[in-house]
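Good morning, and thank you for joining. I should like to take you through one chain, beginning with a single loop and widening out from there.

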Amino acid sequence: MIMKETNSLGNLAIIILNYNTAGKIANQVTQLIAEGISSSIFYIIDNHSKIEDRKSLEDFSQKNNLNFIKSPENGGYAKGNNIAIAHAINDGKIVFLILNPDIEIPLKTISTLYETISNEKELLFVGPRICDKYDRNIIFSDGGILKPEKCFESDHLHYGRNVEEVNSSEKNYRIDYVNGSALMFKKETVEILGKMREDFFMYFEEAEWCYRLKQYPKYKQAILTNVVAYHEMSDKGDFYQFYMTRNRIYMCRLYQIPHKSLIKSYLYEAQKRFLGFKGNTKKNFSFFTTQVKAVLEGEFQKLNS
């Protein structure tokens, strides 16, 4: 049975982007190989990690006959994955699965996603339900929702809800994006939509990529809630705040959404934290400077055409 499922994935490339997470990737790949996935399917792209981390992952890749690619710089999520996608296309792959290193995903989930996207011509993106790795009955994401009328406010569908409380179809097309931590697409996706924008660096890039489907009503995307991957929550610091703020403004500019109210709210919150007396003074000042920088870059940085 394992061999049958493995052979059916011959046209798939599993792409994993590394930035100082060699140990997590080694565990992730080892588990999938143990389930029967061929090592030739994996494309590990190192995003200019620390020397010891990169060397560790390169040694692991050579030992297990994985495709290992070195990026000359840390160009962010989109640029690193775009490099690996190009390599895989050059090798003749036609279906691609981007996985974050902290994602735990069973072979059954990968096989179901692969079969679904291969059999539906108009389906350009597909992903699984994502649940919390340590409380597996809690949903992290059933796909993403974007609200352009609210300056691209974003949310994960059913976030924080118990699986038993949610009554949803096994295949949900009513989403705006598939979460980039477990995102499957095919060669036609790149041919029709182009590649991911590399000027976002991190956060919102997969959302913007999927959102381009609005220009092509014929095509669609879906979340399969009958198969699951598991997500490890991580601490989010100033870098998260910076890119979420800046890139949300980028989205408004790209899609010509008036966003003065958004900028005012960001700057008001920054000023409130800076002048406030609650909390840690150092953290408040860091929040203020990060937020102001993000707003300025978001509004005035030149976007790639």
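I begin with Phe 201, which lies in the loop between helix H6 (187-193) and helix H7 (205-211). Helices here are DSSP runs of H or I with at least four residues, strands are DSSP runs of E with at least two, and both are numbered from the N terminus. Phe 201 has a positive phi of about 70°, although it is not a glycine. Its relative accessible area is 21%, and therefore it is partly exposed. On this scale, buried means under 20% relative accessible area, exposed means over 50%, and partly exposed lies in between, with a 1.4 Å probe and protein chains only.

A word on provenance. This is a predicted model, in which local features need pLDDT of at least 70 and side-chain atom pairs count only at pLDDT 80 or more, while totals for chains, interfaces and linings use all residues. Residues are numbered from 1 along each chain as its sequence is written, and side-chain values use heavy atoms, with hydrogens and water left out.

Now to the chain as a whole. It has 10 helices and 11 strands. Its radius of gyration is 20 Å, close to the 19 Å that the globule rule gives for 305 residues, so the chain is as compact as a globular protein of that length. That radius is taken over C-alpha atoms, and the rule is 2.2 Å times the number of residues to the power 0.38. The C-alpha trace spans about 60 × 45 × 40 Å along its principal axes. Buried residues make up 50% of the 305 residues. Of the contacts between residues at least 6 apart in sequence, 76% join residues at least 24 apart; contact means heavy atoms within 4.5 Å.

Let me turn to the strands, starting with S11 (residues 220-231), where Ala 229 has its place. S11 is mostly covered, with 10 of its 12 residues buried. Which way does strand S5 (residues 123-132) run beside S11, parallel or antiparallel? The two pair in the parallel sense, over 9 bridges, and Val 126 stands opposite Ala 222 in S11. Two strands count as paired if DSSP finds at least two bridges between them. Strand S9 (171-172) runs antiparallel to S11, joined to it by 2 bridges, with Lys 171 opposite Leu 224 in S11.

Ala 229 itself counts as buried, because its relative accessibility is 0%. Leaving aside neighbours within four places in sequence, Ala 229 is in contact with Ile 103, Glu 104, Ile 105, Pro 128, Arg 129, Ile 130 and Cys 131. Its C-alpha atom and that of Lys 260, 31 residues apart along the chain, are separated by 38 Å.

Next, the hairpin of S7 (residues 144-147) and S8 (residues 153-156). These strands pair in the antiparallel sense over 4 bridges, and 5 residues lie between them. Lys 147 stands opposite Glu 153 in S8. The covered face of S7 holds Gly 144 and Leu 146, the uncovered one Ile 145 and Lys 147. In the turn, Cys 151 has a positive phi of about 55°. Phe 152, in the loop between S7 and S8, has a positive phi of about 60° although it is not a glycine. Is Phe 152 buried or exposed? It is buried, with a relative accessible area of 0%.

Beyond S8, in the loop leading to S9, we find His 158. His 158 is buried, at a relative accessible area of 18%. Its side chain and that of Asp 142 are joined by a polar contact of 2.7 Å, meaning a pair of N or O atoms within 3.5 Å; within protein, one must be able to donate a hydrogen and the other to accept it, and residues adjacent in sequence count only if both atoms are side-chain atoms. Beyond four places in sequence, His 158 is in contact with Ile 139, Asp 142, Val 166 and Ser 168.

I close with helix H10 (residues 281-300). The buried residues of H10 are Asn 284, Phe 287, Thr 290, Gln 291, Ala 294, Val 295 and Gly 298. They cover an arc of only 135° around the axis, which puts them on the same side of H10; the arc is that of the directions from the helix axis to the C-beta atoms. These buried residues pack against helix H8 (238-254) and helix H9 (260-275). The face turned away from the buried side carries the exposed residues Thr 281, Lys 282 and Phe 300.

Conventions
The expected span of a helix is 1.5 Å times one less than its number of residues.
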